[in-house]
Amino acid sequence: MVEVGDSVSRTLKKEFGEEALNSLEMDKAAKIELKKKLDELFKHGTTLYKGYVDDPRNTDNAWMETVAVNFHDSSNSFDSFKLHHGDDAGAVSWIDIDSSIKLYANHAAFIEAAVSVNGAHWN
């Protein structure tokens, strides 16, 4: 989640580092190198959606809003990262998905938008 005073783009990089690369356990030099790589890889994202999301945690007085951004890795740069769960993530891995996957709330709509933007397949 984006914390007060933080930006969406900074939060995307921070959360990916913490939850998929276990950056909280890295030494200072490794964190600096990771930041450089993530700054470059996360430079050219395409915003797919920004706004209210249908989430079971929503109430009449408080609701979730999100920004879904697609970072298409046509050069396979993300392959260089060794995924390792960290922070509050239980496990992480790259997986192939199709439309039969069960996703939380309306996350399937974000995947459908990424599929459309990239001319990919979903069925």
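**Briefing: a loop, an aromatic cluster and a pocket**

Ser 74 sits in the loop between β2 and α3. This is a predicted model, and that loop turns up again and again below. The protein chain has 3 helices and 2 strands, running α-α-β-β-α from the N terminus on. The bullets start with the whole chain, then go through the core, the aromatic rings, the pocket and a handful of single residues.

**The chain as a whole**

- Taken along the principal axes, the C-alpha atoms of the protein chain fill a box of roughly 45 × 35 × 25 Å.
- The protein chain has 123 residues, and 23% of them are buried.
- If you take the contacts in the protein chain with a separation of 6 or more, 55% of them join residues 24 or more positions apart.

**The largest nonpolar core**

- The largest nonpolar core is made up of 9 residues: Phe 16, Ala 20, Leu 21, Leu 34, Leu 38, Phe 42, Phe 71, Phe 78 and Phe 81. Two elements, α1 and α2, give two or more residues to this core.
- Ala 20, one of the core residues, touches Glu 15, Lys 82, Leu 83, His 84 and Val 92 once residues up to four places away in sequence are set aside.

**Aromatic rings**

- Searching the whole structure turns up 9 aromatic pairs. One of them, Phe 16 with Phe 78, is edge-to-face, with 5.7 Å centre to centre and 80 degrees between the planes. The Phe 16–Phe 78 pair links distant parts of the chain, 62 residues apart: Phe 16 is in helix α1, while Phe 78 is in the loop between β2 (65–70) and α3 (107–118).
- Both partners of that pair, Phe 16 and Phe 78, are buried. Phe 78 also pairs with Phe 81, and here the planes are at 45 degrees with the ring centres 5.9 Å apart, so the pair counts as tilted. The tilted class takes in planes that are neither under 30 degrees apart nor over 60.
- Phe 81 is buried, just like Phe 78.
- Phe 16, Phe 42, Phe 71, Phe 78, Phe 81 and Trp 94 form one aromatic cluster. Phe 16, Phe 42, Phe 71, Phe 78 and Phe 81 also appear in the largest nonpolar core.

**The second largest pocket**

- The second largest pocket holds about 310 Å³ of space.
- Its lining consists of Arg 10, Lys 13, Lys 14, Gly 17, Glu 18, Ser 23, Leu 24, Lys 31, Leu 34, Lys 35, Leu 38 and Asp 39.
- Helices α1 (8–20) and α2 (28–41) each supply at least two residues of the lining of the second largest pocket.
- By residue type, the lining of the second largest pocket splits into 7 charged, 3 nonpolar and 2 polar.
- Leu 34 and Leu 38 line the second largest pocket and are also members of the largest nonpolar core.

**Along the loop between β2 and α3**

- Ser 74 has a relative accessible area of 64%, so it is exposed. From Ser 74 to Leu 12 is 19 Å in space, C-alpha to C-alpha, with their positions 62 residues apart in sequence.
- Asn 76 is in the loop between β2 and α3 as well. Its phi is positive, about 60 degrees, although Asn 76 is not a glycine.
- With a relative accessible area of 46%, Asn 76 is partly exposed, because that class lies between the buried limit of 20% and the exposed limit of 50%.
- Ala 105 belongs to the loop between β2 and α3 too, and it is another residue other than glycine with a positive phi, near 45 degrees.
- Ala 105 comes in at 37% relative accessibility, so it counts as partly exposed.

**Asn 118 in helix α3**

- Asn 118 is found in helix α3, and its relative accessibility of 29% makes it partly exposed.
- Leaving out neighbours within four places in sequence, Asn 118 is in contact with Asn 70 and His 72.
- Val 8 lies 110 residues from Asn 118 along the chain, and their C-alpha atoms are separated by 22 Å.

Definitions and conventions:
Residues are numbered from 1 along each chain as its sequence is written. This is a predicted model: local features need pLDDT of at least 70, side-chain atom pairs count only at pLDDT 80 or more; totals for chains, interfaces and linings use all residues. Side-chain values use heavy atoms; hydrogens and water are left out. On a 1 Å grid over the protein atoms alone, a cavity is a set of points where a 1.4 Å probe fits but cannot get out, and a pocket is an open set with protein on both sides within 12 Å along at least five of seven lines; lining residues have an atom within 4 Å of a point. Grid points are joined across faces, edges and corners, and a volume is the space filled by probe spheres set on the points. Helices (H or I, at least four residues) and strands (E, at least two) are DSSP runs, numbered from the N terminus. Ala, Val, Leu, Ile, Met, Phe, Trp, Tyr, Cys and Pro count as nonpolar, Asp, Glu, Lys and Arg as charged, and the others, Gly among them, as polar. A nonpolar core is a set of buried Ala, Val, Leu, Ile, Met, Phe, Trp, Tyr and Cys residues joined through side-chain atoms within 4.5 Å. Buried means under 20% relative accessible area, exposed over 50%, partly exposed in between (1.4 Å probe, protein chains only). Contact means heavy atoms within 4.5 Å. Rings of Phe, Tyr and Trp (its six-membered ring) pair if their centres lie within 6.5 Å; planes under 30 degrees apart count as stacked, over 60 as edge-to-face and the rest as tilted.
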